[in-house]
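Subject: Structure for you to look at

Hello,

Here is the structure we talked about. Please open it and keep it beside you while you read.

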Amino acid sequence: MAELLRRDHVSADSVWGVVDLDAAIGFVVAHGDAVERARLSRLRTGAPVPADLLDAAEAGQAPGGGWPAVLDGEVASVDATCFRLAELDDLGGLSRPAARHALDWLSARQLSDGGWDEDPSLAGFAPEWATPGDPEARLYLTANAGFWLTVAGLDARAAGPLDSRVGGAYAGVVQAAAQTLAAQLAPDGSWPSFLPAGWLAAAVLHRQQMYHESARIQAVLADRIPQMSPADVAWLAATLNRVEVGEEQWLLVSARKRLAETQRSDGGWDSDDGHQFDVHTTLRAIRACLPADPAPRAATAGARPR
């Protein structure tokens, strides 16, 4: 199975030759707001983001630490909080107090079985992938929360004792989440939840060195790439790139090929949630094609759930 995920090796340079990053960058510059353009700048060069833009990205945080799913909402949502953390990750904001507060809130929301569920009061208007009490939604939320606690834990460790384990200060929480995710896998690598739960779980398991379980999921996803929407492919590739699964992995190679095939003539990609989210999808595609760590570097040229 590991060999399956490494076949047909394609270098990053050859991928960049078919994905028009210049056009994608131009699309975000032309159509993105100030926060989205700041996300682009940091992804490309690692440039520091002005404090006022970080403040804007953090706006609306509930007192407990999470973010509500609706404007002026009072009850924080696991799904909405993970979405905000993704934006803050692009902006380099995961070590700031707002993100640390949100990560603490996510950690405290973990259930005794290692998973996550939305607050029951959100049942009336939650999307299907975040429906309180629904087993498929719970698995998706577990993969999503587990992913952000995995990748953000080291950034948040300044809030607590130094901990170099995966997940940093949240290592125990992340380990429990990984066990919960692994227990839900079928023998063929499939999972009883929404499609994004697959790549989020694969990332969590990869970082826990549960490589066999992660590879089983990746093999299933590789077969589905040709039928996936551009938004899903961008999310998948950005997620796996974030945990450094390796340029040689067949799943990442095929995902980037699919992005090249579906890139529009204006440089962007279609969102599954309406054109108002096309810039967000395009930023994910750019993240998928750039080095995983947006540390300061020279700019490179030429090269549903939400």
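Below is what was found in it, from the whole chain down to single side chains.

First, a caution: this is a predicted model.

**The whole chain**

The chain has 13 helices and two strands. It has 306 residues, and 56% of them are buried. The exposed surface comes to about 12500 Å². Carbon and sulfur atoms supply 52% of that surface.

**Helix 8**

Find residues 171-183, which form helix 8. How far apart should the ends of its 13 residues be? At 1.5 Å a residue, the helix should span 18 Å. The C-alpha atoms at its ends are 18 Å apart, so the model agrees with the expected span.

Now look at which residues of helix 8 are hidden. Ala 171, Val 173, Val 174 and Ala 177 are buried. So are Ala 178, Thr 180, Leu 181 and Ala 182. One general point helps when you read such a list. An α-helix has 3.6 residues a turn, so residues three or four places apart point the same way.

Take Thr 180, which lies in helix 8. Is Thr 180 buried or exposed? Its relative accessible area is 17%; that is under the 20% cut-off, so Thr 180 counts as buried. What does Thr 180 touch, leaving out residues up to four places away in sequence? Its contacts are Asp 113, Gly 114, Gly 115 and Thr 142.

**Aromatic pairs**

There are two aromatic pairs. One is Phe 147 with Trp 148. Their ring centres are 4.9 Å apart. Their planes meet at 80°, so this pair is edge-to-face. Phe 147 is buried, at 3% relative accessibility. Trp 148 is buried too, at 7%.

The other pair is Trp 199 with Trp 235, and it is also edge-to-face. Here the centres are 5.6 Å apart, with 70° between the planes. This pair links distant parts of the chain. Trp 199 sits in helix 9 (residues 195-207), and Trp 235 sits in helix 11 (residues 230-242). The two residues are 36 residues apart. Both Trp 199 and Trp 235 are buried.

**Charges over rings**

Trp 235 has another partner to look at. The charged end of Arg 284 sits over the ring of Trp 235, 4.4 Å from the ring centre. Trp 191 has a charged partner as well: Arg 224 lies over its face, 5.2 Å from the ring centre.

Best wishes

Notes. Residues are numbered from 1 along each chain as its sequence is written. Side-chain values use heavy atoms; hydrogens and water are left out. Helices (H or I, at least four residues) and strands (E, at least two) are DSSP runs, numbered from the N terminus. The expected span of a helix is 1.5 Å times one less than its number of residues. Buried means under 20% relative accessible area, exposed over 50%, partly exposed in between (1.4 Å probe, protein chains only). Accessible areas come from the Shrake-Rupley method with a 1.4 Å probe; for residues, only the protein chains shown count as cover. Contact means heavy atoms within 4.5 Å. Rings of Phe, Tyr and Trp (its six-membered ring) pair if their centres lie within 6.5 Å; planes under 30 degrees apart count as stacked, over 60 as edge-to-face and the rest as tilted. A charge sits over a ring if NZ of Lys or CZ of Arg is within 6 Å of the ring centre and within 35 degrees of the ring normal.
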